[in-house]
Protein chains: 2
Amino acid sequence: MVETTPTRSERARQAVLDATADLVAEVGVERTTIDEIANRSGVAKTTIYRHFASKEVLVVEAVHACTYIPVVTDTGSLRDDLISCFSGTTKASYDGRLGDMMLSLMDAAQRDPELGRLVRAQTDQRRRFATNVIERAVARGDLPADVDVDLLVTLLAGPLVYTKLVRRQRVTDELVAAVVDTVLARYAVPTTTD
Amino acid sequence: MVETTPTRSERARQAVLDATADLVAEVGVERTTIDEIANRSGVAKTTIYRHFASKEVLVVEAVHACTYIPVVTDTGSLRDDLISCFSGTTKASYDGRLGDMMLSLMDAAQRDPELGRLVRAQTDQRRRFATNVIERAVARGDLPADVDVDLLVTLLAGPLVYTKLVRRQRVTDELVAAVVDTVLARYAVPTTTD
DNA sequence: ACAGAACGCTACGAGACCGTATCGTCGATA
DNA sequence: TATCGACGATACGGTCTCGTAGCGTTCTGT
């Protein structure tokens, strides 16, 4: 990890991205204005336009900036890896600022193609993590070869996303474990607890 | 069902509510404007303000107008009643116009208290339907008495909502059945199919 | 120390919306 | 058919937001 001293330009850019993310989390994409971003960041509106062509690309970059890739374990235990996977992706997608931005982003993504691609890419990536875990289990023989992987991922991810976005409750580690255990019960996968 | 001929005032009001719902479904709550509602509905902007105090009130009433209560069966079969319940609530909430409005509504509900109450009331009502079905099953002895009803509802509703809102795919009857069967598998409830 | 690049500040025109006022027109009802 | 309530059309002031221009100021690297 090479840390370079940020240039003046880089500092301004980062302040703008930060303020944008904050603002989107607070008031949503539609109500986020360049003027308010300028106020919050302390960066002049003129300078903002020197960095970003429009509000749309700014929002896209701001979202991109606060997205990170969770680390998923590979222990050989389907249950443990699934819990690691969904705990990680939940934290990455629904904790902190990004979590507060999510509903507004998904709404805006319905109309803005660029934002749509970003959200879809993120969803696909999250699903791929889970898919990989499941396919490893199939390869080990822990799951039947004809299991509907796509359905399985939906059964696991759905309750967590629903809890966060619709019920607006925190996704606890206990909930993740409960969801994983219940869904795996159908496939007679032994659980460590219980 | 008593059908009265609508008065001129009622026709105008209905046209406005209709146009509002259409517009919210298309461009979202934030981008819905009174001027455009006037254009679409053919009702003068002046008249719109004679009926509705503000855009917020109008949106709330428009949403309310296209919300209906699904009928849930009570056959004595947990599986069949759950499928009926989730199939019905899914159709009521996520098919047609209301489905297209949902993301934007949920986003706007984060900031608008009135809209927040409306969305929450709807969510609670949907969950109550499922809760009733489950509690009847517990009373019959089809489910253990200490079952976590709240978790169970989340496990059932989550994948369906996630499929619609996040993946933006249709919620088929097959998916509903698959979700119900998988979740019930943990409680060793016999399924009719399989 | 000295350019040149990058930033801050102020101001501006253009356009979109809001909510209201005014006045002419239509339509249900007696 | 006369009347009054409800609607339609137009226009308006006010506000917000966008994106840009002009110009002075502050960094940064040499």
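The buried residues of α9(B) are covered by elements that include α8 (149–165) and α9 (173–185) of chain A together with α5 (78–94) and α8 of chain B. Those buried residues are B:Leu175, B:Val176, B:Val179, B:Val180, B:Thr182, B:Val183 and B:Leu184 (buried: 20 or more other C-beta atoms within 10 Å of the residue's own, with C-beta atoms placed from the backbone). Helices are DSSP runs of H or I with at least four residues, numbered from the N terminus.

This is a predicted model, in which local features need pLDDT of at least 70, side-chain atom pairs count only at pLDDT 80 or more, and totals for chains, interfaces and linings use all residues. Residues are numbered from 1 along each chain as its sequence is written, and chains are lettered from A and ligands numbered from 1 in the order in which they are written.

The 13 residues of α9(B) should span 18 Å at 1.5 Å a residue, which agrees with the 18 Å between its end C-alpha atoms (the expected span is 1.5 Å times one less than the number of residues).

The contact between the chains takes 27 residues from chain B and 27 residues from chain A (contact: C-beta atoms, placed from the backbone, within 7 Å). On the chain B side, α1 (8–31), α6 (96–109), α8 (149–165) and α9 (173–185) each supply at least two residues, and α8(B) gives the most, with nine.

Chain B superposes on chain A by a rotation of 180° with 0.0 Å of shift along its axis (RMSD 0.0 Å); the fit is by least squares on the C-alpha atoms of residues with pLDDT of at least 70 in both copies. That is the relation of a two-fold axis. Of the residues of chain B, B:Gly158 comes closest to this axis, at 2.2 Å (C-alpha). The copies meet through the same surface, because 100% of the interface residues of chain B are also interface residues in chain A.

Both chains also supply residues near the DNA strands (near: C-beta atom, placed from the backbone, within 6 Å). Of the 20 residues around DNA strand D, A:Thr33, A:Ile34, B:Ser9, B:Thr46 and B:Thr47 come nearest. α3(B) gives the most to that surface, with four residues. Of the 18 residues around DNA strand C, those that come nearest are A:Ser9, A:Thr46, A:Thr47, B:Thr33 and B:Ile34.

The table gives residue classes (nonpolar: Ala, Val, Leu, Ile, Met, Phe, Trp, Tyr, Cys and Pro; charged: Asp, Glu, Lys and Arg; polar: the others, Gly among them).

| Surface | Nonpolar | Polar | Charged |
|---|---|---|---|
| Side of chain B that touches chain A | 14 residues | eight residues | five residues |
| Near DNA strand D | five residues | eight residues | seven residues |
| Near DNA strand C | five residues | seven residues | six residues |

Notes: Contact = placed C-beta atoms within 7 Å. Buried ≥ 20, exposed ≤ 12 C-beta atoms within 10 Å, placed from the backbone.
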